[in-house]
Structures are given as C-alpha cells and as structure tokens.
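Reader: I would like to learn how to read the features of a model, one at a time. Please begin with a helix and a sheet.

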Amino acid sequence: MTKEILTFADAIKEGIREEMQIDKSVFLMGEDIHISNCTVTRGLIDQFGKERMKLMPISENGFCAAAVGASVTGMRPVVEIMYGDFILVASDAIFNQAAKLRYMSGGQFHAPVTYRISLNGMGGGAGAHHSQSLEALSLHFPGLKVVYPSTPYDAKGLIKTSIRDEDPVLFFEHKLLYPVKGEVPKEEYLIPLRKGIIRREGKDLTLVSYGQMAQLSLEVAEELAQEEKIEVEVYDPRSLRPFDYQQLFASLEKTGKLVIVEEDTKIGGVGAEIAATVAEEGLFLLEAPIKRIAGKETPAPAGKYGHSFVVPSKEEIKETIKEYLK
Amino acid sequence: MKYKDIVGNIISVGKTTTKRSLDYQQVLAKYEKSKLTKILENMLKNRFLDEEINQLIKEGIAITEHSNFGQEGSQTVAFSLLKKEDYGVPNHRGWGWAIGKGLDLKRIMAELMGKKTGYCQGKGGPHLADRENNLFLRVGIQGSYISLAAGIALGLKMQQSNNVCLCLFGDGSSNAGYVHEGMNIAATNKLPVIYFCENNLYALFTPYLETTSVADIADRAIGYNIPGYIVDGMDALAVIEVMTEAIKRARNGEGPTLIESKTYRYEGHTAYDKFSYGGYRLKEEVEEWKKRDPITLFTQRLLESNLLTSQELESLKEKIREEIKEAVEYATQSAYPEPEDYLEQVYAEKEVSF
C-alpha cells in the first residue's frame with residue numbers, strides 16, 4: 001500500500017475529490033467554497049467547475065434545506081457550514097427536515113446529505129458565535145448520524161463513507177486539526193460509521209475522547225506513561241451516533257475505570273450520554289466512579305487567552321487523571 | 001390591489017403593472033375537453049373530501065384537517081397541471097394539491113387516519129407524500145418548503161431534467177425567512193420552480209395585513225428579479241392560464257415565477273376554529289366571497305361552452321361520492337401499523353457496503 005503524508009484538511013479534500021470523480025451526483029454547496037475559508041475545498045473548482053461547486057448566499061437555513069431538496073432528486077450534496085455555530089441558524093433544515101424526512105414519509109423519501117461542520121473558529125478564541133462546540137446538540141435527533149474524526153486517515157475514510165451513506169450525516173471538522181499531518185493511503189479505503197478505534201493500549205484506565213481532544217488526550221497518555229508510569233488506554237469512537245459501545249465495554253473490562261474528555265460543555269453533553277449508557281449497560285465493569293473532563297459552563301470567550309480557560313487543557317487532563325487514580 | 005380589480009384579469013407586477021383581460025372562450029378553446037373536465041373532477045373531489053372529513057371529525061374520528069373550501073379553483077387547479085414526473089411541494093392547507101397531483105383517495109384517507117395502508121404507512125398522517133407521483137412531503141414548518149423546493153429545482157436543473165417543481169405557500173408563511181432565502185437561491189440560479197402563493201387573507205386568525213408589509217405578495221417578485229403575477233384564485237380558467245405560462249417558462253430554463261392567487265378560505269384555520277364566521281371575520285365577508293364560488297363558476301363556464309352536460313356533471317358527482325365512500329371504508333377497515341413499525345424507517349436499512 002502506498003502512503004502519503006497529508007494534512008487533515010487535505011485528507012478530507014482528497015476524499016471528496018475521489019467521491020466526486022466516482023459519482024457524478026456528488027456536488028458541493030456552501031459559502032465561499034471556491035476559496036474555502038477552512039481550505040478543505042480550495043482548488044477543487046479547477047477540476048469540477050461551478051457546475052458542481054454551488055456557491056451559496058449567506059442563508060444557512062435556506063441552503064441546508066435546499067440540499068435536502070436536491071438530494072431527493074437523486075443528487076448527493078456535500079454542504080459546508082463555515083462555522084459550526086451556524087448549524088443553529090440552519091437548525092430547522094438539518095434537525096426538522098433532513099433528520100425526519102425518511103420517517104415522516106414512511107420511507108418514501110430520504111436525504112443523503114453530508115453536512116461538513118467546521119467548528120471551533122480560528123482554532124478557538126473567535127468568541128461565543130464562532131468558537132463553540134455543538135456536537136452534543138446534534139446527538140439528540142434520531143435520523144441523523146454524527147461523525148467526528150481526529151486523524152487525517154480517519155477523516156478521509158469517514159468523509160467518503162459519509163457521502164455514500166443514505167442518511168444525513170453531520171461530519172464535524174475541528175479547525176485546530178486542519179494542519180495536523182498524518183499518513184494516508186493512496187489506495188481507496190472506507191471506514192464504517194459505527195466503528196471506534198483504540199488509539200493507545202493501557203491497563204490503568206480507559207479514556208474516551210474524539211476530535212481534537214482525542215489528539216490532546218493521546219499526548220497526555222504518552223506523557224503519563226513516561227512521567228508517572230500510568231498506562232492510559234485511549235478510545236476514539238470516531239462516530240458519536242451510532243456509537244460503538246462494544247469496543248468501549250471490552251476496554252472497560254480490562255481497566256475498570258472511565259474518564260471522558262470533551263471540549264463541549266458538560267451538562268447534557270456527549271460525555272453525559274456515554275456515562276449514562278455505561279451506567280445502564282456496563283456498570284459492573286467499573287471499579288470506580290466515572291470522571292468527565294469537559295468545557296466550562298460558559299459561552300466561549302473571545303481571544304485565545306480567555307478560550308484556554310474554558311476548554312480542557314493538557315495540564316487539566318493530566319492532573320485530573322493523576323488525582324482520579326490516587 | 002382590490003379584489004374587484006383582479007376579477008377577469010391576470011396582472012403582471014414589475015416596473016410597470018400590466019393588466020390582461022381574459023377572453024374565456026379563447027382560453028377554453030386552448031385546452032382539451034378531457035383536461036378541463038379532469039380539473040373539474042379534481043375540484044369536486046377536493047370539496048367532497050373536505051365535506052366528508054368534516055363529517056368524520058363530527059363523529060369523533062381524529063383527523064388533522066385544514067380544509068381548503070373555497071380554494072379549489074386555486075391550488076387544486078395548479079397541481080392538476082403538472083406531469084406525473086414534475087415535483088409538487090405542498091403546504092398545510094387543504095388536500096387539493098394531493099388530488100391534483102394524482103394521489104388516490106383511498107390511500108389519502110388511510111394516511112389521514114394513521115393506517116398502515118396510507119401513503120406514509122400511517123406515520124405521516126397529514127404529512128402526506130408520494131414518491132411515485134413526485135409529491136414531496138407536506139412538511140409542518142411554515143415557509144421551509146420554499147427553500148426545499150429551490151433545492152428540488154436545483155437538483156432537476158443539475159440533471160438537465162425537463163421536469164419542474166411547483167411549490168405552494170400561503171400569505172401567512174410568505175413572511176418566513178425561509179421564503180426569502182429560497183427565492184433568492186431559486187432566482188440567482190434560474191431554477192425551474194413556480195412559487196404559488198394562495199393569499200386567502202388570513203394567517204390563522206390574523207388578517208394578513210396586520211402582519212404583512214405589502215398588500216400584494218406578488219410585489220415581492222420585484223425584489224428577486226423574477227416575474228410576479230396576481231391572479232383571481234376563484235377563477236380556475238385564470239389560474240390555468242397563468243400556471244401554464246409559468247410552467248412553460250420553467251421548462252424552457254427561464255427560471256422561477258411567483259404567482260399570487262387571491263382566494264378565500266370559507267371555513268376556519270382548522271376544523272376546530274370557532275371564530276372564523278362572525279369572529280375575526282365578518283359573516284357578510286364570508287358570504288360575499290361564496291358568491292364567486294370557484295366550482296360553480298368553472299362548472300357554469302363548461303356548461304355554457306357545451307364542454308359538459310348537466311347529466312355528465314351529475315354522474316361525475318355521483319361517481320366521486322361513491323369513490324369517497326369507498327375510500328372511507330377502505331381506510332376504516334385498514335389496520336394501524338404494528339407497534340414495531342413505529343420504530344422503523346428512522347435510518348436506512350442498508351449501511352454502506354465494504
């Protein structure tokens with residue numbers, strides 16, 4: 001297998017490019033996608049032209065609904081949401097229309113749309129309307145699938161599967177991950193939307209995290225091994241809905257301890273859902289209470305300085321784990 | 001624009017407003033007899049179905065009904081002019097769009113009663129949809145259909161299809177943000193969509209002018225740089241004429257059209273609205289509108305032009321009443337979905353294969 005080193009952003013781009021080459025019904029919609037604020041779709045217009053790159057006005061609700069409409073005629077729209085915060089503007093289109101179309105129509109219509117949600121503006125610090133995390137919100141809608149990759153390899157494999165999926169998929173892209181480089185095969189591959197991955201094996205505790213926090217957690221795990229001889233097993237679910245609990249339970253059987261790290265706020269969050277399911281279905285795998293490390297209960301402050309206080313840092317994760325294991 | 005100025009005319013809005021008086025004999029001569037009688041049949045089906053549903057509700061059967069008594073010359077006619085492959089995107093008002101698009105009364109009635117034999121297997125209820133006739137889901141969020149329809153038209157255009165999309169909305173929902181967003185996308189991309197606004201003067205219980213900045217919704221077309229028309233929605237022939245032109249424009253790739261059909265809802269917002277006659281509307285106003293009943297008007301024209309005989313009309317009515325009776329029987333006797341059916345069709349059965 002030949003491999004190349006790609007950034008997270010370019011890995012998504014290559015995944016989209018391949019799908020557009022394979023399937024004529026795949027096309028892109030969004031604001032500024034010809035230049036692409038987040039660089040993912042930059043350059044694709046040279047290959048595919050305006051015919052398959054539909055520039056959209058600043059009307060997130062309108063074009064997210066239009067994507068649903070286009071999809072029922074046989075097209076497969078890939079929609080870019082420039083800042084994750086804007087899914088609140090497009091919430092009717094995504095949560096009422098895309099999510100419920102199959103059910104309400106008794107399976108006659110469905111919306112195979114991929115919403116690429118680029119969040120945590122400018123790498124954090126762009127303030128409460130451009131830097132918040134909203135993946136927890138999106139979990140609450142039966143009919144939607146929610147994907148949140150953390151490596152270039154996963155990003156490419158998962159965007160391809162998301163585009164081919166017959167259900168609407170919310171594909172979260174953390175802006176801080178865009179420049180992160182990693183090995184990506186040149187040959188085609190897909191990653192299923194219900195399969196997590198153990199990023200690092202360890203016997204002392206299971207840490208669940210996704211997206212940029214998974215990367216951060218992995219770094220913390222390496223440091224803890226070297227500095228404290230603590231062996232953390234890091235589990236990255238990759239898809240939040242559906243969620244691969246089997247691998248998590250298998251890991252808990254080994255470690256008996258669970259720490260969840262998320263950037264989104266804690267109340268009603270992704271960690272709350274994971275903790276509740278573990279309590280319901282895997283309580284006797286645990287030897288200790290579940291610990292959640294999450295964003296603080298505030299809107300995102302402006303500026304990187306302020307932002308750093310409300311999202312989990314490496315130090316916070318490390319100290320919390322040390323304290324937890326005492 | 002005053003309603004009296006619209007009667008007998010199609011008014012085109014824009015930099016200059018132009019009025020075109022219709023010569024009914026000429027219009028009638030343009031269309032096949034079978035097409036015209038089919039439209040009348042759909043209008044009658046629409047009315048008799050609403051009457052039947054009112055009766056069922058009185059008997060205690062739960063059906064979500066927003067009847068369109070009085071609007072049969074408007075939406076019912078507009079949707080009757082589409083081909084099977086054309087897309088229809090309805091709103092909450094009436095079942096005229098479903099009948100016009102060719103849906104079967106039995107399966108409509110079954111769906112309204114939440115039965116498994118209905119179009120959406122009993123899970124949609126009033127949210128009807130029919131893939132076979134390309135009738136998109138009757139969604140429950142006002143205005144959303146304008147943007148959804150823009151997307152359908154975008155898909156059709158990208159596939160170089162000859163089919164068009166007709167989207168129904170009302171004066172009330174004309175004020176939703178979705179409407180502006182969708183119309184701008186449709187106009188900018190010259191999409192094959194017809195936006196058909198039924199202005200029946202009331203948004204639920206509120207006179208539309210209390211909450212709407214323009215007297216004529218068609219004027220909004222100017223802001224999108226697309227043609228806008230005002231038509232007498234009580235006059236089926238005027239609707240046929242203006243819709244035929246808009247469909248032609250869309251098929252020819254000339255882009256969207258906004259049509260405002262001035263019409264009137266004889267009854268309340270829903271079957272449970274107790275304030276529509278002498279409450280928020282004067283009884284005299286309701287009675288005045290009923291004098292130009294769309295079914296009476298269209299029937300008279302067909303009779304006068306010898307396109308229909310009184311005998312044919314009577315047997316047509318008889319046939320429809322029989323069909324409705326059968327539809328109610330079919331729906332009543334049909335089973336509800338099994339409890340486990342309500343847990344299905346949330347996601348695709350098949351996942352991506354590897």
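**Reading the fold and the interface**

Author: Helix 10 (residues 236-251) of chain B lies across strand 1 (9-13), strand 5, strand 8 (228-232) and strand 9 of chain B, and runs at about 170° to strand 9 of chain B. Keep in mind that this is a predicted model.

Reader: In what order do the strands of the open sheet in chain B lie, and is the pairing mixed or not mixed?

Author: The order is 2-1-8-9-5-4-3, with seven strands and mixed pairing. Strand 2 (18-21) and strand 3 (87-89) of chain B are the edge strands, each pairing on one side only. On average, neighbouring strands of this sheet are turned by 20° against each other, direction ignored.

Reader: Over how many bridges do strand 5 and strand 9 of chain B pair, and in which sense?

Author: Strand 5 (residues 193-199) and strand 9 (residues 257-262) of chain B pair over six bridges, in the parallel sense. As one example, Asn199(B) has Lys262(B) in strand 9 of chain B as its bridge partner.

Reader: Which strands of chain B does helix 7 touch?

Author: Helix 7 of chain B packs on the sheet and touches strand 3, strand 4 (165-170) and strand 5 of chain B. The direction of helix 7 makes about 175° with that of strand 4 of chain B.

Reader: Now the interface. How is its size expressed, and how many residues of each chain are in contact?

Author: The size of an interface is often given as the accessible area lost when the parts come together. Here the description is by residue contacts: 37 residues of chain B are in contact with 38 residues of chain A. On the side of chain B that touches chain A, helix 7 (144-158) and helix 8 (177-188) of chain B each supply at least two residues. Helix 7 of chain B gives the largest share, eleven residues. By type, the residues on this side of chain B are 21 nonpolar, twelve polar and four charged.

Reader: Why does the radius of gyration of chain A agree with a compact globule?

Author: A compact globule of 326 residues would have a radius of gyration near 20 Å, and chain A has 19 Å, so the two agree. The C-alpha trace of chain A spans about 60 × 45 × 40 Å along its principal axes.

Reader: What share of the residues in chain A is buried?

Author: Buried residues make up 57% of the 326 residues. Chain A has twelve helices and 14 strands. Of the contacts in chain A between residues at least 6 apart in sequence, 80% join residues at least 24 apart.

Note on methods:
Residues numbered from 1 in each chain as written. Chains lettered and ligands numbered in written order. Predicted model: local features only at pLDDT ≥ 70, side-chain atom pairs only at ≥ 80, totals over all residues. Contact = placed C-beta atoms within 7 Å. Helix = DSSP H or I, 4+ residues; strand = E, 2+ residues; numbered from the N terminus. Nonpolar A, V, L, I, M, F, W, Y, C, P; charged D, E, K, R; others polar. Pairing = 2+ DSSP bridges. Axes fitted to C-alpha atoms, helices over the stretch in contact; angles between N-to-C directions. Rg over C-alpha atoms; globule rule 2.2 N^0.38 Å. Buried ≥ 20, exposed ≤ 12 C-beta atoms within 10 Å, placed from the backbone.
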